[in-house]
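Here is a colleague's note to read alongside the model, written as numbered points. Please keep the structure open and find each residue as you come to it.

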Amino acid sequence: MTRTAISAVWDERFLEYDFGADHPFSERSRGLGVRLFEWLTERPNAPGVEWVREVEPASRELLATFHEGEYLDLVDRASRLGGRVPLDAGDTPSFPGCFESAARIVAGAQIALRSVREHHRPAFHPAGGLHHAHPDRASGFCIFNDVALAVGRAVADGLRVAYIDIDAHHGDGVMYGFYGSGRVLDIDFHQDGRTLFPGTGFPEEVGSGDGSGLKVNLPLPPYAGDEAILPLFRRIVPPLLDWFRPEVIVLQHGVDGHAGDALARLQYTPEAYEEIVRTLLAFARERAEGRLLVTGGGGYRPESVSRVLARAGGLLTGIDLPPPTARLPEEWRYEYFRTVDESAPVHWGGPDQRIPSRWRHEDEASLVLELEQALGRSFPSSASAP
Ligand SMILES: [Zn+2]
């Protein structure tokens, strides 16, 4: 077993990023994932995790490196109100203290990035991954874009960043935020924007100027699962990373592509998430001096979010993960029940009901062809690769 220490960031005040009990987004699911991750890594002989548990909100100066001043003023005013006002045209309301809460999650990503750079080892920020926020507006439950601000920090320091986003929703705030940047390779797997918010992320969106050819969008139809994402990931991601030679890799590890999610309609299993994390971890170790930052993201089914995030963090430490048939710890199950008021899953894996996927080999061929034409490069299938 590889015994790799990692940094992990979790301040209980991240739970204050809370749109209310009737809102689908909740950091509580991530908090349950953290508890389970702690259980995994606090057993005897488990690899060490360096925790950061006190995170102060990011400064306005830092936030202004991505967000516009007028928008920061708007959030600041809304944050001081007793009630809620809309921060976008959709489902992202303000709440008292929202400025500080969102800024604290941003600071968590900065701390994680700094740790990755200083220690050359992975960092885990499960509360982060708020990839929809734009410079001038909130969007999709995201007030401030912690991942864009982390990518921006690395870019400002002259580093090449590979940003990989496996959330079910297209990471529009990050992609458009760095659309013209030649230092950001952005690869985004998501449910087709014609069927899901935010409605963007098509193969022909390849970047502009210096960033041209560096934005890679892989929209998948509803009900696609591992049989779609894994062959595409294997075919597209390693060659692009080999070519781009990133100095930092950021993985937005949203879990709303998991089968049974309440908002999206993809059907990934834990095995797909694990293969992706393992692949990026191996690449980071071999080619990027271990600099891998993994954040959370979306995810609207607490039992998937908590277990999958805990396993992602566990993989980063190099621990042997419990098999899917292993029972979850009873004390954790009790906390789950108290937190989400529904019965906790019993085992590390399943049960998941899946709808038969209509994804065919021809669908992979046509999506790859679209990408090849848009990007002007080829992605041979492994069968035909030299
Ligand atoms: Zn999402």
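**Notes on the predicted model**

1. Phe141 is a good place to begin, and you will find Phe141 in the loop between β3 (123-125) and α5 (146-156). Please keep in mind throughout that this is a predicted model. The backbone at Phe141 deserves a second look, since Phe141 has a positive phi of about 70° although it is not a glycine. As a background rule, most residues other than glycine have a negative phi. Phe141 counts as buried because its relative accessibility is 9%, and buried means under 20%.

2. A second residue with a positive phi is Arg245, which is not a glycine and has a phi near 55°. Arg245 belongs to the loop between α7 (226-244) and β7. Is Arg245 buried, partly exposed or exposed? With a relative accessible area of 48%, Arg245 is partly exposed, because that class covers the range between 20% and 50%.

3. Phe141 also belongs to the description of the largest pocket, whose volume is about 250 Å³. The lining of this pocket is made up of 23 residues, and those that lie nearest its centre are His132, Ser139, Gly140, Phe141 and Phe197. Sorted by class, the lining of the largest pocket comprises 9 nonpolar, 10 polar and 4 charged residues.

4. Phe197, one of the residues nearest the centre of that pocket, takes part in another backbone feature that should be checked by eye. The peptide bond that runs from Phe197 to Pro198 is cis, and its omega is near 0°. For comparison, most peptide bonds are trans. Pro198 itself sits in the loop between β5 (184-191) and β6 (215-220).

5. Which residues coordinate the zinc ion? The donors come from Asp167 (OD), His169 (ND1) and Asp256 (OD), at 1.9 to 2.1 Å. Along the chain, the donors of the zinc ion follow the spacing D-x1-H-x86-D. Two of these residues, Asp167 and Asp256, link distant parts of the chain, being 89 residues apart. Asp167 is placed in the loop between β4 (161-165) and α6 (172-177), whereas Asp256 is placed in the loop between β7 (248-252) and α8. Both Asp167 and Asp256 are buried.

6. Asp256 leads on to Tyr273, because contact means heavy atoms within 4.5 Å and Asp256 is among the residues that Tyr273 touches. Tyr273 is located in helix α8, and with a relative accessibility of 2% Tyr273 counts as buried. Beyond residues up to four places away in sequence, Tyr273 touches Ile166, His253, Gly254, Val255, Asp256, Gly257, His258, Tyr268 and Val308. The side chain of Tyr273 also reaches the backbone nitrogen of His258, at 3.1 Å. For Gly257, the separation from Tyr273 is 16 residues in sequence, and the C-alpha to C-alpha distance is 9.6 Å.

7. Tyr273 appears once more in the lining of the largest cavity, together with His253, Pro270, Glu274, Val308, Arg311 and Ala312. The structure holds 1 cavity of 30 Å³ or more, and the volume of the largest cavity is about 30 Å³. Which helices each supply at least two residues of its lining? They are α8 (270-287) and α9 (302-317). By class, the residues of this lining divide into 4 nonpolar, 1 polar and 2 charged.

8. Ser7, in strand β1 (residues 6-9), is the next residue to find in the model. Ser7 is buried, as its relative accessible area is 3%. A polar contact joins the side chain of Ser7 to the side chain of Arg121, at 3.2 Å. When its neighbours within four places in sequence are left aside, Ser7 is in contact with Glu50, Ser115, Arg121, Pro122, Ala123 and Phe124.

9. The final point concerns Pro238, which lies in helix α7. Pro238 has a relative accessible area of 26% and is therefore partly exposed. Pro238 and Leu280 are 42 residues apart in sequence, while their C-alpha atoms are 8.6 Å apart in space.

Technical notes
Residues are numbered from 1 along each chain as its sequence is written. This is a predicted model: local features need pLDDT of at least 70, side-chain atom pairs count only at pLDDT 80 or more; totals for chains, interfaces and linings use all residues. Side-chain values use heavy atoms; hydrogens and water are left out. On a 1 Å grid over the protein atoms alone, a cavity is a set of points where a 1.4 Å probe fits but cannot get out, and a pocket is an open set with protein on both sides within 12 Å along at least five of seven lines; lining residues have an atom within 4 Å of a point. Grid points are joined across faces, edges and corners, and a volume is the space filled by probe spheres set on the points. Helices (H or I, at least four residues) and strands (E, at least two) are DSSP runs, numbered from the N terminus. Ala, Val, Leu, Ile, Met, Phe, Trp, Tyr, Cys and Pro count as nonpolar, Asp, Glu, Lys and Arg as charged, and the others, Gly among them, as polar. Buried means under 20% relative accessible area, exposed over 50%, partly exposed in between (1.4 Å probe, protein chains only). A polar contact is a pair of N or O atoms within 3.5 Å; within protein, one must be able to donate a hydrogen and the other to accept it, and residues adjacent in sequence count only if both atoms are side-chain atoms. Donors are N, O and S atoms within 2.8 Å of the metal (3.2 Å for Na, K and Ca); water is not among the atoms, so sites may look incomplete.
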